[in-house]
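Today I open my notebook on a new model. I want to look up its helices, how they cross, and a few single residues that caught my eye.

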Amino acid sequence: MILLLQYMIIFASVLSLVALGGCFSEHSGVINLGLEGIMVVGAMGGAMIMNLVPATLPAPLMILIVCAASIIFGMLYSCLLGLACINLNADQTLIGTAMNMLSTAVAVIVVRSYNTSRNSSDVSSILKYVDAKKKFLIRFGSFEFNWFMIIALAAVIISYIVLYKTKFGLRLRACGENPQAADSVGINVYRMRWAGVTISGLLGGLGGITYIMAGVSEWKFENGVAGFGFLSLAVMIFGQWKPHRIGLAALLFGFFRSLSNVYSGIPFLKAMNIPSAVYNMMPYIISLIVLAFTSSNSAAPKAEGIPYDKGTR
């Protein structure tokens with residue numbers, strides 16, 4: 001049961017970080033379907049830094065450097081969405097989908113080039129960081145604590161404060177509800193939407209590095225992030241675009257995702273003799289069921305997905 005709790009919390013950390021990123025973007029009025037791609041690029045940036053820096057670095061410094069790299073890579077990649085959808089009024093759904101497809105190809109090419117430049121015998125898309133990964137872990141008996149768990153909890157709390165207790169959050173939400181009205185009182189809608197998109201890149205990049213730290217010492221980037229970006233969108237919708245609800249929804253989805261890792265160690269689940277593929281599919285099946293029953297009560301920002309035209313009233 002301890003292993004189940006451990007996996008549930010780490011997977012919930014991934015889902016909550018990425019879902020919060022989508023929450024900021026959509027509250028500004030921009031649908032970010034490219035969260036999967038942002039996760040891949042953020043994970044690539046963090047993993048490359050872990051692979052490069054000496055494993056002898058103090059743990060706090062290692063955590064800071066890796067998180068900063070993932071944030072920078074995620075934010076830079078999210079700028080593609082901002083440029084295309086905010087400045088050029090492109091279709092937000094198509095751009096997000098294209099970003100997801102592009103990210104895996106970019107990550108594979110960059111990592112293979114990186115391995116080749118270092119005269120590595122492995123010129124595949126694998127980065128290894130097993131020694132550096134230990135800096136992020138603390139053991140309490142049989143429970144393996146990961147510092148990203150604290151980062152995710154802090155992100156939920158800070159996101160709630162920013163969105164509902166600050167002038168910035170009020171302005172951001174106004175741009176997602178009625179951008180024309182926001183513009184009429186002096187709010188720069190384009191700037192606020194850029195802020196929402198870059199924050200989603202920040203959190204999505206962090207979610208990416210958190211994902212590859214969940215249980216692997218090396219990651220083959222051509223495998224992507226197993227649909228966690230889309231699961232995060234389901235978490236965001238189920239959480240009704242509210243940070244505290246997103247945190248709770250992430251725990252629910254994290255529980256079902258963790259079953260595929262630990263079911264063989266739980267006697268009554270093992271006795272049921274259910275194929276492992278069923279447990280692997282469970283979080284995606286749950287997401288379909290949840291969305292089917294909650295979509296009708298959606299509290300999505302009214303202007304999300306609609307390009308802003310300053311001349312329209």
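First a term I need throughout: helices (H or I, at least four residues) and strands (E, at least two) are DSSP runs, numbered from the N terminus. The model is a predicted one, where local features need pLDDT of at least 70, side-chain atom pairs count only at pLDDT 80 or more, and totals for chains, interfaces and linings use all residues. Residues are numbered from 1 along each chain as its sequence is written, and side-chain values use heavy atoms, with hydrogens and water left out.

**Entry 1: backbone oddities**

I started with phi. Most residues other than glycine have a negative phi. I then looked for exceptions.

Just after α10 I found Gln 240, which has a positive phi near 55°. Asn 89 is no glycine either, yet its phi is positive, about 55°. I located Asn 89 in the loop that joins α3 (59-87) to α4 (92-117). Ala 226 is a further non-glycine with a positive phi of about 55°, and it sits in the loop between β4 (218-220) and α10 (228-238).

Are these loop residues buried or exposed? I use these cut-offs: buried is under 20% relative accessible area, exposed is over 50%, and partly exposed is in between (1.4 Å probe, protein chains only). Asn 89 has 40% relative accessibility, so I noted it as partly exposed. Ala 226 has 35%, so partly exposed goes next to its name too.

**Entry 2: helix α10**

How much of α10 is buried? I noted eight of its eleven residues as buried, so the rest of the structure largely encloses this helix. The buried ones are Phe 228, Gly 229, Leu 231, Ser 232, Leu 233, Ala 234, Val 235 and Met 236. Contact here means heavy atoms within 4.5 Å. The cover over these buried residues includes α1 (2-28), α2, α9, α11 (243-262) and α13 (276-294).

Next I looked at how α2 meets α10. Axes are lines fitted to C-alpha atoms, for helices over the stretch in contact, and angles run from 0 to 180 degrees between N-to-C directions. The axes of α2 (residues 35-52) and α10 come within 7 Å and cross at roughly 130°. That angle makes α2 oblique to α10; the classes are under 35 degrees for roughly parallel, over 145 for roughly antiparallel, 65 to 115 for roughly perpendicular, and oblique for the rest.

Which residues make this contact? From α2 I listed Leu 35, Glu 36 and Met 39, and from α10 Phe 228, Gly 229, Phe 230 and Leu 233. By class, I got five nonpolar, one polar and one charged residues. For this sorting, Ala, Val, Leu, Ile, Met, Phe, Trp, Tyr, Cys and Pro count as nonpolar, Asp, Glu, Lys and Arg as charged, and the others, Gly among them, as polar.

**Entry 3: helices α3, α4 and α9**

I checked the length of α4 next. The expected span is 1.5 Å times one less than the number of residues. For the 26 residues of α4 that gives 38 Å, and its end C-alpha atoms are 36 Å apart, which agrees. Its buried residues include Gln 92, Gly 96, Met 99 and Tyr 114. Among the elements that cover the buried residues of α4 are α2, α3, β1 (126-128) and α10.

The axes of α3 and α4 come within 10 Å and cross at roughly 155°. I therefore wrote them down as roughly antiparallel to each other. In their contact, Tyr 77, Ser 78, Leu 80, Leu 81, Ala 84 and Cys 85 of α3 meet Gln 92, Ile 95, Gly 96, Met 99, Leu 102 and Ser 103 of α4. I sorted these residues into eight nonpolar, four polar and no charged.

α3 also meets α9 (residues 189-212): their axes come within 7 Å and cross at roughly 140°. This makes α3 oblique to α9. By class, their contact has 14 nonpolar, eight polar and one charged residues.

**Entry 4: two buried residues**

Leu 203 belongs to α9. With 8% relative accessibility, Leu 203 counts as buried. Leaving aside neighbours within four places in sequence, I found Leu 203 in contact with Leu 17, Val 18, Leu 20, Gly 21, Phe 24 and Ala 155.

Pro 179 lies in α8 (residues 179-184). At 6% relative accessibility, Pro 179 counts as buried. Not counting residues up to four places away in sequence, Pro 179 touches Ala 174, Val 189, Arg 193, Ala 303 and Tyr 308.
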